[in-house]
Amino acid sequence: MRHCKKKQDKTIAYGGAETKGRTITPLVFLIPAFLLVTIFVLYPVVSTVSLSLFQDSKFVGFNNYLELFGRRSFSQALIHNGLWILIHLPLSVFFGLLLAVLLRQVKGGAIIKSIIFLGMVIPLVVGGILFRFIYDTDAGVVNALLRFIGLGSIARSWTFYPDTALISLIIGTIWIWTGFSMIVYSAGLEGIPIELYEAAKIDGASRWKTFWRITVPMLRPATIVVVTMTLLWVLKVFDVVYVATFGGPGGASTVMAFEMYLDAFQAFNFGRASAIATILTLMTFGFAAYMVNRMAKS
Amino acid sequence: MKKNAGVTRTMWMAIAVIVIVVIGAVIAVWYVARPQPAGLTVYSLWSGDEEANFMKVLENFTEQTGINVTHIGFSTQELLIGVPTQLKAGASLADLVIAPWPAWILDLAEDEHLVEVTDLITATKYPTGYINSVKDTAGKIWAAPFKASGKPGFWYKKSFFQDNNLEVPGTYQEFKDLLADIMQIDGIEEPIASGDTVGWPLSDTTEAFIMGLGGYQLQEDLIAGTVNWTSTEVRDVFEDLRQLLAAGYFSEPAEWQSQVAKFWDEKYGIYFMGSWITTMSQIGDVSDLDFFPFPETDGVAGSVDYCIIPKYTENLDQAKELLQYLAGAEAQETMVKLGGFLGTNVDVPDTAYGTLDKKVLDFISQTTVHIVPDLDDAVGGRFQTTFWDQLKLLWVSPTTGTLNSVLEALQEEAG
C-alpha cells in the first residue's frame with residue numbers, strides 16, 4: 001500500500017512532463033513521414049496548381065482551364081472517363097462479386113481464383129499490347145472466335161475503329177481488374193460469421209434472400225474498397241490507352257490523363273497540362289474523400 | 001539460456017543487416033563514381049539494318065579520330081519526348097542527337113538548348129531547303145544535315161505487275177484504273193497497303209495526295225499556316241482521297257513493317273513508302289522492286305536526318321568533330337553505299353548510289369519536282385499527333401461527315 005502511494009505521488013509530480021512527452025514523442029516519429037509527404041506529395045501538388053495558372057512563365061489566371069473546356073479533345077476525354085466509370089465500375093464489381101461467391105463453393109476454387117487474379121499481375125503496358133493482338137483482324141483471338149461461330153463477316157481490328165476502340169479497351173481492362181475485386185470480395189466473404197447463415201437457414205430464408213439480406217450488406221466495407229480503388233484507377237487510366245490506341249482513332253479513346261501527356265510532352269505546354277492534372281487531382285480527391293468518409297461511417 | 005540465444009540471434013541479424021547495407025552502399029558509390037568510358041553518346045531513331053549501317057560510319061570515325069562513340073536507338077515517341085525533357089532539365093546524356101524534325105529542332109534552339117552550327121558546316125554544300133528548315137529568323141543554323149530519305153512514290157513488285165499485265169500510271173485517272181485492276185486480282189486483299197504504328201506512314205501517303213493533286217505549294221502553304229485545312233482546295237484533295245478509301249482501295253492500317261511483308265507476299269499491289277524500303281529484310285529480292293511517283297506530281301517530301309548538339313554536353317569539341325564528320329561527304333558516301341538513303345552533301349558522288357537509290361535521286365533532282373519538307377515533321381508539336389490520329393480515323397471511317405470533322409480538328413490544332 002505504501003508502495004502504491006509512493007508511485008501515485010511520483011505520477012502526480014511528473015504528470016505534466018509525461019503528458020508533454022506523450023504529445024511530442026509521436027510527433028517526432030511523424031517527422032520523417034511528414035518530410036517525405038511534403039517533399040514528394042504536397043510540394044508537387046502545390047507546384048502543379050501554381051503552374052496551371054501560368055503560360056510561358058506569365059500569370060494567366062484561369063485561362064488554361066477556360067481554354068481546356070473550349071477544346072473538343074478535352075471534352076471528349078471527360079466524356080470517355082465518364083464512360084469508363086459507367087461501364088467498367090459496375091461490371092468489374094459485379095463479376096468480382098459473382099466469381100468470389102461462385103468459386104467459394106467450388107472445389108479447386110482457389111486455383112481458379114489465382115488464374116483469374118493473374119490478370120492483375122500483368123503490367124498495363126503489356127496489357128495494352130495484348131489488347132492490340134487480341135482484337136487484331138488476322139491474329140486476334142476475338143476475331144478467331146467470331147469466325148468460329150460463323151460471324152467472320154464482322155471480324156475487324158476492333159481497336160482501330162472509332163465506334164469500338166473505347167469499348168474494346170474498357171472490356172479488356174474489366175478482365176484485368178475483375179481479379180482485384182474478386183480477391184477483395186473473397187476476403188470479405190471469409191469475414192462473414194457463419195452463425196448468420198445458420199440463423200437465416202433456421203428461419204427458412206431462401207438462398208437468394210440470404211444473399212441479399214446477409215451477404216451483400218456484410219460485404220459493404222469490401223464494396224467500398226473495390227469501388228474506391230476502381231474509381232481512382234479509372235480516373236487516372238493512361239498506359240493501356242497509350243499503348244493500345246494512342247487515344248485514337250480521331251480521339252475516340254482519349255482520356256484525361258492521355259490529354260495531359262499530349263499537352264505536357266507533345267506540345268510542351270506545361271501550364272495546360274498542369275490544369276488537367278489539377279482537375280484530375282480534384283476529381284480523384286473528391287471521390288476518394290467521399291468514399292473514405294463512407295467507409296469510416298460503415 | 002533461451003533468452004541469451006534469442007539475443008544472440010537478434011544481434012547476428014542486426015550485424016547481417018548492417019553488413020548488407022554497408023556492402024550495398026559501397027557498391028552504389030563505386031557504381032556512381034566508376035570511371036566512365038571516354039567517348040561520345042549519340043541518340044537516333046535507328047535500329048536493325050539501319051543502325052548496323054550507321055555503326056559502320058561511326059567505326060570509320062573512331063578509326064580516324066580515336067574517339068569512341070556509343071549509339072543508342074530510340075523509338076519516335078522516346079526521342080521526341082525524352083530529349084526535350086532532358087534539355088529542359090538543363091542536362092543531356094547525349095552528346096549528339098540525330099532527328100528528322102526541323103520544327104522540333106528550332107523549338108529547342110529557341111529555348112537555347114542547342115549549340116549553333118553555322119560556323120561548323122558550309123551551308124552552300126547542301127540544298128537550300130535542307131538548310132532553311134533549320135535556320136532561325138536571325139539566320140543562325142542549328143543543325144547539320146546528315147542523310148536524307150526521299151518518299152518518291154508507290155513501290156511495286158515488278159514481277160507482280162508483269163504477271164498481271166499492269167502498267168505504271170501516268171495520270172491520276174490511270175492511277176485509279178490501276179487500283180481497280182489490282183482489286184480484281186486473286187489473292188489481293190486491297191490494292192494499297194496502309195502502314196501504321198504511330199501514324200507517319202498514313203501522313204506520308206496523304207502528303208503525296210496533297211502534292212500530287214494540290215501541288216507542292218499547297219503543302220508549303222499548309223506548313224506555313226497560310227492555308228486553312230477547311231479551305232476548298234484542301235477539301236478537294238481530301239475528297240479524292242476519301243473516295244479511294246471509301247472504294248476499299250486502301251487496306252486497314254496495320255504495323256508498317258508487317259505490311260512490307262504482306263506487300264511482298266502480294267496481298268497488296270502497291271505501298272507508299274520512303275526509299276529505306278530497299279534496305280528492309282522483308283523485301284526478298286530488291287532487284288524485283290521498283291517505284292512510280294504519284295502521277296503528275298510536282299513535289300516530293302524529303303525527310304532529312306539532322307545532327308544537333310545539346311549545349312549541355314561535356315564533350316563539346318569531340319561532338320563538334322563528329323557533327324562535322326557526319327555532315328561531310330565521306331561519311332555520307334559510306335552511308336549511301338550501304339543503301340536506302342540519299343546524301344545531303346552535294347559532294348557525295350553519284351557513283352556511290354545503288355540502282356534504286358540513284359533512280360530516287362534522279363527523280364527528286366528533276367527541275368519539275370520540288371523537294372518540300374515533310375508536313376507533320378515541319379509543323380511538329382501536338383499538331384503532328386493530331387494529324388496522325390485524324391488520318392487513322394479517316395482511313396477506317398471514310399464518310400463525308402468524318403472528313404468534315406477531320407479537317408475541322410486539323411484546323412483547330414493548326415490554328
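Reader: Two strands pair if DSSP finds at least two bridges between them; with that in mind, and given that this is a predicted model, which residue of strand 9 of chain B stands opposite Gly153(B)?

Author: Strand 5 of chain B spans residues 153-157, and four bridges join this strand to strand 9 of chain B, with the two running antiparallel. Strand 9 itself covers residues 268-273. Within strand 9 of chain B, the residue standing opposite Gly153(B) is Met273(B).

Reader: Which strands of the open four-stranded sheet of chain B stand at its edges?

Author: The sheet has mixed pairing, and the order of its strands is 6-9-5-10. Neighbouring strands in this sheet are turned against each other by 30° on average, when direction is ignored. A strand with a single partner strand has one side left without a neighbour in the sheet, and so the edges are taken by strand 6 (190-193) and strand 10 of chain B.

Reader: Which residue of strand 10 of chain B is the bridge partner of Trp155(B)?

Author: Strand 10 of chain B, residues 289-292, has an uncovered face with Asp290(B) and Phe292(B), and a covered face with Leu289(B) and Phe291(B). Strand 5 and strand 10 of chain B run antiparallel and are joined by four bridges. The partner of Trp155(B) in strand 10 is Phe291(B).

Reader: How is helix 8 of chain B oriented to helix 9 of chain B, by the angle at which their axes cross?

Author: Two packed helices are described by the angle between their axes and by the distance between those axes. Here the axes of helix 8 (residues 200-214) and helix 9 (residues 216-224) of chain B come within 6 Å and cross at roughly 125°. Since angles that are neither under 35 degrees, nor over 145, nor from 65 to 115 count as oblique, helix 8 of chain B is, relative to helix 9 of chain B, oblique.

Reader: Which residues of helix 9 of chain B make the contact with helix 8 of chain B?

Author: The residues of this contact divide into four nonpolar, two polar and one charged. Helix 8 of chain B contributes Glu207(B), Ile210(B), Met211(B) and Gly214(B), and helix 9 of chain B contributes Tyr216(B), Leu218(B) and Gln219(B).

Reader: Is Ala109(B) buried or exposed?

Author: Ala109(B) lies in helix 4 (residues 102-110) of chain B, and, leaving aside neighbours within four places in sequence, Ala109(B) is in contact with Leu114(B), Asp136(B) and Trp142(B). A residue counts as buried if 20 or more other C-beta atoms lie within 10 Å of its own. Because Ala109(B) has 22 other C-beta atoms within 10 Å, Ala109(B) is buried.

Reader: Is Glu112(B), in the loop between helix 4 and helix 5 of chain B, buried or exposed?

Author: Most residues other than glycine have a negative phi. Phi of Glu112(B), however, is near 65°, a positive value in a residue other than glycine. A residue with 12 or fewer other C-beta atoms within 10 Å counts as exposed, and because Glu112(B) has 8 such neighbours, Glu112(B) is exposed.

Reader: Which element of chain B supplies the largest share of the side of domain 1 that touches domain 2?

Author: In chain B, domain 1 comprises 40-150 + 303-364 and domain 2 comprises 153-302 + 373-414, and the contact takes 25 residues from domain 1 and 20 residues from domain 2. Among the elements that each supply at least two residues of the domain 1 side are helix 2 (48-65), strand 11 (299-308) and helix 14 (355-364). The domain 1 side divides into 13 nonpolar, eight polar and four charged residues. Its largest share, five residues, comes from helix 14 of chain B.

Reader: How far apart do the C-alpha centres of domain 1 and domain 2 of chain A lie?

Author: In chain A, the assignment gives domain 1 as 2-51 and domain 2 as 63-297. Four residues of domain 1 are in contact with six residues of domain 2, and the domain 1 side divides into three nonpolar, one polar and no charged. The C-alpha centres of these two domains lie apart by 40 Å.

Reader: How many residues of chain B are in contact with chain A?

Author: The side of chain A that touches chain B divides into nine nonpolar, seven polar and one charged residue. On the chain A side 17 residues take part, and the number on the chain B side is 18.

Terms used:
Residues numbered from 1 in each chain as written. Chains lettered and ligands numbered in written order. Predicted model: local features only at pLDDT ≥ 70, side-chain atom pairs only at ≥ 80, totals over all residues. Contact = placed C-beta atoms within 7 Å. Nonpolar A, V, L, I, M, F, W, Y, C, P; charged D, E, K, R; others polar. Pairing = 2+ DSSP bridges. Domains from an automatic or database assignment. Axes fitted to C-alpha atoms, helices over the stretch in contact; angles between N-to-C directions.
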